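Please open the structure in a viewer and keep the selection panel at hand. The tour below proceeds by selection, one stop after another.

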Amino acid sequence: MNKYNPTWGSKFTNEEIEEARRSGRLLSMELELSRACNLRCIYCYAESGKALENELTLSEIKDAVDQAMDLGARRIIVLGGGEPVAHPDIITILQYIYKKGAAIDMFSNATLITQELAQAFRSLDVNLVIKMNSMRRDVQDYLAGRPGTFDKIRHGLDCLQKAGYPAADLDLGVQTIICRQNFEELPEMWTWIRQQGMIPYFETITLQGRARKHSDLQVSPQEVYDLFHELSALDRKHFNMEWDPHPPVAGLTCNRHLYTCTLTVHGNIYPCPGVDIAVGNIRNKRLYDILNQSIVIKELRGIRKNIKGGCRNCESSSFCYGCRGMAYQFTGDYLAADPLCWKNPEHIYFKIPYPLSAKGLVPHKRPMRMVDRVMYADKDASGVVEATIRKDCIYMDQQNLFAEEAMVELMAQSFAAVCGSLDSISGGNRGTGYLAGVKQTRIQAPARAGDVLTVEVRPTGRFAGFVIVSSRVSKEGELLAEGELKIWQAPSDEQEDQP
């Protein structure tokens, strides 16, 4: 029986990882090329779609690779912040990394891979992980946000297999998110992937990006526990592999914070995509200085002694520290125990009750009330709200356009709805909110009757009863407006009576 418990994405020995951790060096770097993507996956952590302004140039990407390799990096992992194959310089970038002598891992949705590209990847020794979430056409297309995705993935996979993937010296993996829609088919899918000689990467969803707007994706820790143990039994029985089930990735262990970092499309350095804290930017500081001066990086490199809660004394703590991204996105603390791990005594066993109707969550009634439902809310009162602009809305002008000044009211109502949803679940009472000021508001494009708008709100500061709220209004991913509100939250009667 083969003990199968490699470190996710590394292929490094424990000794090499420990040396990199102690010396502050790198063994790999994770690289986002662009946010441009031809899909609109409903779980995407980066909410990819269109390329962003001021993304890294080709020369900046090459310089970042050089800096990482100077720090010891031997592998460059090209992530799918967008779709790497859609980048106009993808072959040039891969050729540069290859000639520098670093190994290459690349994540791709496979839909743009042609036979010519597959051969090019093979000639550059690119290890590939394709994103495939279902063997059912309807489920795959739903999760990808684009019809026809299933067939395009299968075509791309076929091109890679004809080019010689996988091979003894070249990996081909399949990355799959564990969600409600594909949950029942995952054991069958795992078996099929193994039979193809590919590596399955089945992982829990980090609650960020678009995943926050789709509560229908969520499965419970108990269900993940049952799944991981079933997959482990399949490997033991049919593939002579044995591994200890623990999240966040089935059969694999994530120790990335000990030896790697993530470079975003704007040059920011993150500990990983889930812990999206910018610890520095390579456009104004060298990578060596960023890594060696960051308290966040130092705390994560010392995660074994710094970790908190149930993870600290877990039986698996010698090789696992849970998902730092999950801990950070749920609790705001990257050192907290993994809140969705079944081994954590304080794990979260609940089904998120969203979306919630906004009716009754705000004091307004139609046609004054514009918000329809709260799609997601976090305990810090950040959240996502959906609003359909109706013809009878009092803010429509004679051209049937949503008046620009109404965008501010929509943002304020959205924050009120988020707060109201939290109160309705917890039984609390935050008191009545009043819009006290607006600044830095930008209107990019108008809204019309019939438009379904997504409003994101996030508190950025609190003082003396006031809350500063950052807000964005978009339609199908297109930014329409953004701004910052100053809201006075009057205390409830109960609060006023307290000494």
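**Stop 1: Glu482 and its contacts**

Select E482 and display its surroundings: leaving aside residues up to four places away in sequence, E482 touches M411, Q440, T441, R442, S471 and R472. The model on screen is a predicted one. E482 belongs to strand β17, which spans residues 478-489. Is E482 buried or exposed? With a relative accessibility of 18%, E482 counts as buried.

**Stop 2: Asp216 in its loop**

Move next to D216, which is located in the loop between β7 and α8. D216 is partly exposed, its relative accessible area being 30%. Which residues does D216 touch, not counting residues up to four places away in sequence? They are Y142, R180 and Q181. Now add P355 to the selection and draw a C-alpha to C-alpha distance: D216 and P355 are 9.0 Å apart in space, although 139 residues apart in sequence.

**Stop 3: Helix α7**

Select residues 186-195, which form helix α7. Eight of the ten residues of this helix are buried, so α7 is largely enclosed by the rest of the structure. Colour the buried ones separately: L186, P187, M189, W190, T191, W192, I193 and R194.

What do the buried residues of α7 pack against? Show helices α6 (149-162) and α8 (221-238), together with strands β6 (172-178), β7 (199-204) and β8 (241-242); these are the elements against which the buried residues of α7 pack.

Within α7, focus on R194. R194 is buried, with a relative accessible area of 10%. For a second distance, take the C-alpha atoms of R194 and P245: these residues are 51 apart in sequence and 17 Å apart in space. Then step past the end of the helix to G197, which follows α7 and has a positive phi near 80°.

**Stop 4: The pair α3 and α4**

Select helix α3 (residues 90-100) and helix α4 (residues 115-123), and view both along their axes and from the side. Their axes come within 10 Å and cross at roughly 15°. An angle under 35 degrees counts as roughly parallel, and α3 is therefore roughly parallel to α4. The crossing of α3 past α4 is left-handed.

Which residues form the contact? Show side chains for I91, L94 and Y98 in α3, which meet L117, A120, F121 and S123 in α4. By class, the residues of this contact comprise six nonpolar, one polar and no charged.

**Stop 5: The cysteines**

Finish with the cysteine sulfurs. How many disulfides does a search of the whole structure find? The search finds zero. Select C179 as one example: it is in no disulfide, and the nearest cysteine sulfur, that of C41, is 11 Å away. C179 is also buried, with a relative accessible area of 0%.

Then select C314 and C341. Why is there no bond between their sulfurs? A disulfide requires a pair of cysteine sulfur atoms within 2.5 Å. The sulfur of C314 lies 6.1 Å from the closest cysteine sulfur, that of C341, which is too far for a bond. C314 itself counts as buried, at 18% relative accessibility.

Definitions and conventions. Residues numbered from 1 in each chain as written. Predicted model: local features only at pLDDT ≥ 70, side-chain atom pairs only at ≥ 80, totals over all residues. Heavy atoms only, no water. Buried < 20%, exposed > 50% of the residue type's maximum accessible area, 1.4 Å probe, protein only. Axes fitted to C-alpha atoms, helices over the stretch in contact; angles between N-to-C directions. Helix = DSSP H or I, 4+ residues; strand = E, 2+ residues; numbered from the N terminus. Parallel < 35°, antiparallel > 145°, perpendicular 65-115°, else oblique. Left-handed = near helix turned anticlockwise from the far one by under 90°. Contact = heavy atoms within 4.5 Å. Nonpolar A, V, L, I, M, F, W, Y, C, P; charged D, E, K, R; others polar.
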